Amino acid sequence: MKKYDIAAIGELNVDIILNGIESEPEIGKEKFCRDMTVTLGSSTAIFAANAAALGSKVCFVGMVGRDSFGDLVNASLQAKGVDTGYLIHGNTPTGATICMNYGEDRANLTYQGAMDVMGFDDITPEVFRETRHIHLSSLFMQSGLLRDIHKILDAAAENGVTVSLDTQWDPMETWKLDYKSVLPKITVFMPNEKELQALTGTTDLESAISAVLPCLGNAMVVKCGSKGSLLVRKDGTMKLLPAFLNKDVVDAIGAGDSFNSGFISAFVKGLFLEDCQKTGNLTGAVNTTAAGGTGAFTSLDAVRSICKERFGQEFAW
Ligand SMILES: Nc1ncnc2c1ncn2[C@@H]1O[C@H](COP(=O)(O)OP(=O)(O)O)[C@@H](O)[C@H]1O
Ligand SMILES: [Mg+2]
């Protein structure tokens, strides 16, 4: 018996969210905003927290600094039921994103800090022995992980660990990931529609799927926002599952991470891929019923109730 169902390997940072900003920042001037929240950021953290809320045993592998932001990240993950024993405390400060909200629009400024430094050698080999599954996320925000991706995937394979990958968007838009050598080692590849096209240098979904199909290790699920998701198997069979549409969206922050948390929690329970996809569509929809990425995932019972009351669906467990 392994200690963890899922090890989430990814970025960690705090979000400094500024609201009620009087006008745009200008060099050489000082301005005020009315409201500030400092909170755990990072899309991999949303994934880990929500998978834990769904009952998976989750540990986090990520790097923070020896600073108060690192303490905040550690305490926030623990409060969400995520094991932080494998967090790495390095000499680079914890990453931070300053989110300046202007109504519907926002300007973000990120200092990557520790997240950019973590590489394969920082990860204790015990992780690969103690988990059944690894979820890798946000590769383009972590140059150390991107550089060492094959070492991580090979260590996973040697230990019989299945792997899911959500690269997320590349802020530099260079898409320097050799997907032809990486995807064969991935059990479930989880991009969204836009990311898949950018990664493959295509302009429509069909061409993007044709490009990756020969490289798939096992399966891919493409997230298509309010259209739902598309499951693609290595043998070329596909299944489009429309979203459990929420017409009253609070916000869609973290919908993709919540989708991943449901899909992978179902996968580690041994459910069929179609049932994992349905669970992912449901947890993606649940995400949109409350503010932020984790607001709706207060407990498994709460998620079950939202599925029943808002979407007329039984949750899978
Ligand atoms: N308005 C919505 N109503 C119901 N489900 C949604 C809605 N928007 C997104 N989802 C669900 O969440 C999943 C992930 O959202 P998406 O925006 O595609 O991911 P990402 O955040 O990675 O871009 C979708 O595949 C869908 O199942
Ligand atoms: Mg995403």
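**View 1. Ligand 1 and its polar partners.** A nitrogen atom of ligand 1 is found 3.0 Å from a polar backbone atom of N246. That pair is a polar contact, meaning N or O atoms within 3.5 Å; within protein, one must be able to donate a hydrogen and the other to accept it, and residues adjacent in sequence count only if both atoms are side-chain atoms. Look next at G225, where a polar backbone atom is 2.6 Å from an oxygen atom of ligand 1. N281 joins in through its side chain, with a polar atom 3.3 Å from an oxygen atom of the ligand. On its own, ligand 1 exposes 560 Å², and the protein buries 86% of that. Areas like these come from the Shrake-Rupley method with a 1.4 Å probe; for residues, only the protein chains shown count as cover.

This is a predicted model, where local features need pLDDT of at least 70 and side-chain atom pairs count only at pLDDT 80 or more, while totals for chains, interfaces and linings use all residues. Residues are numbered from 1 along each chain as its sequence is written, chains are lettered from A and ligands numbered from 1 in the order written, and side-chain values use heavy atoms, leaving out hydrogens and water.

**View 2. The shell around ligand 1.** Which of the 18 residues around ligand 1 come nearest? They are N192, G225, G228, F244 and N246; a residue is near a molecule or strand if one of its heavy atoms lies within 4 Å of it. Helices α9 (255–268) and α10 each supply at least two residues of this shell. Helices (H or I, at least four residues) and strands (E, at least two) are DSSP runs, numbered from the N terminus.

**View 3. Helix α7, from its start to the glycine after it.** At the start of α7, a side-chain oxygen of N192 reaches to within 3.2 Å of the backbone nitrogen of K194. Within this helix (residues 193–200), the buried residues are E195, L196, Q197, L199 and T200. Here buried means under 20% relative accessible area, exposed over 50%, and partly exposed in between (1.4 Å probe, protein chains only). Their cover includes β10 (162–166), α6 (179–182) and α8 (205–212). After α7 comes G201, with a positive phi near 65°.

**View 4. Helix α11 and its two faces.** The 12 residues of α11 (residues 300–311) should span 16 Å at 1.5 Å a residue, and the end C-alpha atoms are indeed 16 Å apart. The expected span is 1.5 Å times one less than the number of residues. Buried in α11 are L300, V303, I306, C307 and F311. Seen down the axis, these buried residues fall within an arc of 120°, so they line one face of the helix; the arc is that of the directions from the helix axis to the C-beta atoms. An α-helix has 3.6 residues a turn, so residues three or four places apart point the same way. The face turned away from the buried side carries the exposed D301 and E309. Among the elements covering the buried residues are α1 (43–53) and α10 (273–287), where contact means heavy atoms within 4.5 Å.

**View 5. N101 and C33, each in a strand.** N101 sits in strand β7 (residues 95–102) and is buried, with a relative accessible area of 14%. The side chains of N101 and R106 share a polar contact of 3.5 Å. C33 belongs to strand β3 (residues 33–40) and is partly exposed, at 31% relative accessible area. Beyond four places in sequence, C33 touches L18, N19, G20 and I21.
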